[in-house]
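Biologist: Could you take me through this model one feature at a time, giving the general idea before the particular case? I would like to begin with the way two chains meet.

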Amino acid sequence: MNDTPTPVRLEGLNVRYGAVKAVRDLSLSVWAGSVYALLGRNGSGKSSLVRCLLGQQRAASGQIHLLGEDAWRRRTRLMRRVGVVPEEPDAPLAMTARQLAAFCSHLYPTWDDASVAERLSRFAVPRGVPFGRLSKGQKGQLMLTLALGHRPELLVLDDPTIGLDVVARREFYEELVAELADRGATVLITTHDLAAVEGIATHVGILKDGELLVDEGLEPLKARFRTLRFGPERAPAAGELRGLGALAVCKTAWGLEAVVPRFDEAVAARLQAEGDVAVAVEAMSLEEIFSAVVGNGAGGEA
Amino acid sequence: MSAVVHIDPKDAAPIWRQIEDGVRRLVASGALAPGAPVPSVRELARELRINPATVAKGYQRLVDAGVLLVRRGEGTFVADNPPPTTATERREELAAAARRFAALAATLGAARSETVNSIEKAWDEFAAARKGRGQ
């Protein structure tokens, strides 16, 4: 572990567009063998971060280390070791899958013809049809195939399943899972498909307005978030809920609902001591945690 | 394999634990017989679309506990003599289910006696049906 550099290491990253700060003083690491899901609403700074990481854009300040090297200065060399599935499938419209694969094979010394051919068959992507005439799902599958073709050390997936139907999305994730099983690659993925990424991610980052509000393992994150539901006649005062560190407190048709970001035995004991006020304590899916964190008007610490 | 393991993202237990518990339950109920093959890590991960490392962690714990065994080059199987569910495990699982039931009963406004009665009735019905099937 010690001799391989951390695949992604950002320190104090700032990205500005004129007066607008898209990313503020952001630090995060993606460890070897992990699957880091970077989540955020549109305009939260995800794409700026990814572009800086891939050397497509210069940061205002901060350090960006990709596979242990400077992401900007070494960008050309580094891209041979990274597989990228961009947000918008991007390839010359007239080129067929066969031509694209042949083209890419010359760019990468580590190109694996056999696995590319096998993957295209599994996806049933026609090899002789121009890129521009493939379906959206086929384009996504082809992009993933090309991104994996050179056996990259790091895979960067920028909202790879956006606009894909349920079946194409499932196939995409099945293929990603198979790749993880076979090679154990390191992955950085941005997505809005939280249900799908929940089973695959080992780490989660949640961006809001250019700030990283959450940056931790998926398991500890899920272990500390709980929804508390109170009946109408037993709802505690807002101050009491703040004392528990409640993030999102909202009145529902049934009473009061609060999300507690640091639920533990002490919180449970306190609720117990105050009489059976908590009607229900429920674990949360990643999607619910995400909504509570970014939907929280005040922003701040999660 | 007709027996399946389910994953629930809203479950408080981590996914590897859900796999571990799910397989244990299938073995305990006889749905997975001693010596029966179980899906490979790769197959199960792909089917459930979850990280293979998570499946591997659940399987490893089952191997360590003697529920599953790995035969090199052949695959993973239920052990010939899987350890029976321990008294502690049974107690914990029963207690957890009882807490859920008690919470439901309290929410419905049922009295203690009514709640206990309903469990006894359900038990009697289940026992009678089981007897009827000759088990």
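Modeller: The size of an interface is often given as the accessible area lost when the parts come together. In this predicted model, the contact draws 24 residues from chain A and 15 residues from chain B, and the two chains bury about 1,600 Å² between them, with 55% of that area on carbon and sulfur atoms.

Biologist: Which three residues supply 41% of the area that chain B buries against chain A?

Modeller: They are K10(B), R46(B) and R49(B), and no other three residues supply more of the area that chain B buries against chain A. By element, α1, α2 and α3 of chain B each give two or more residues to the side that touches chain A, and the largest share, three residues, comes from α2(B). By residue type, that side of chain B divides into eight nonpolar, six charged and one polar.

Biologist: How many salt bridges and how many residue pairs in polar contact are counted between chain B and chain A?

Modeller: The count between the two chains is five salt bridges, and the rule finds seven residue pairs in polar contact across the interface, with both residues of a pair at pLDDT 80 or more. Over all chains, the structure holds 28 salt bridges.

Biologist: Which side chains meet in a salt bridge at 3.7 Å, N to O, and where do they lie?

Modeller: That pair is E175(A) and R46(B); E175(A) belongs to helix α6 of chain A and R46(B) to helix α2 of chain B, so this salt bridge joins two chains. E175(A) has a relative accessible area of 2%, and because the cut-off for buried is under 20%, E175(A) counts as buried.

Biologist: How should I read a salt bridge within one chain, such as that of R61(B) and E20(B)?

Modeller: Look at the place of each partner as well as the distance, which for R61(B) and E20(B) is 2.7 Å, N to O. R61(B) lies in helix α3 of chain B and E20(B) in helix α1, so the pair ties together parts that are 41 residues apart in sequence. The partners also differ in exposure class, since R61(B) is partly exposed at 34% relative accessible area, whereas E20(B) is buried at 3%.

Biologist: Where do E125(B) and K121(B) lie, and are they buried or exposed?

Modeller: Both lie in helix α5 of chain B, residues 112-132, and they are four residues apart, about one turn of the helix. Their salt bridge has its closest N and O atoms 3.3 Å apart; E125(B) is partly exposed, with a relative accessible area of 47%, and K121(B) is exposed, with 53%. Elsewhere, salt bridges that share partners join E118(A), R119(A), R122(A), E175(A), E179(A), R183(A) and R46(B) into one network.

Biologist: Turning to a single helix, which residues of α3 in chain A are buried, and why can they be said to line one face?

Modeller: In this helix, residues 97-107 of chain A, the buried residues include A97(A), L100(A), A101(A) and C104(A). Seen down the axis of α3(A), the buried residues fall within an arc of 100°, so they line one face of the helix. These buried residues pack against α4 (113-123) and α5 (136-148) of chain A, while the face turned away from the buried side carries the exposed residues R98(A) and H106(A).

Biologist: Last, the backbone: which residue other than glycine has a phi near 45°, and where is its place in chain A?

Modeller: That residue is D159(A), whose phi is positive, and its place is in the loop between β7 (154-158) and α6 (166-183) of chain A. With a relative accessibility of 4%, D159(A) counts as buried. In chain B, R49(B) has a positive phi of about 55° although it is not a glycine, and R49(B) lies in the loop between α2 (41-48) and α3 (52-64). R49(B) counts as partly exposed, at 28% relative accessibility, and it returns us to the interface, as R49(B) is one of the three residues that together supply 41% of the area chain B buries against chain A.

Definitions and conventions
Residues numbered from 1 in each chain as written. Chains lettered and ligands numbered in written order. Predicted model: local features only at pLDDT ≥ 70, side-chain atom pairs only at ≥ 80, totals over all residues. Heavy atoms only, no water. Buried < 20%, exposed > 50% of the residue type's maximum accessible area, 1.4 Å probe, protein only. Salt bridge = Lys/Arg side-chain N within 4 Å of Asp/Glu carboxyl O. Arc of directions from axis to C-beta. Contact = heavy atoms within 4.5 Å. Buried area = accessible area lost by both parts, 1.4 Å probe. Polar contact = N/O pair within 3.5 Å; in protein donor to acceptor, adjacent residues only side chain to side chain. Nonpolar A, V, L, I, M, F, W, Y, C, P; charged D, E, K, R; others polar.
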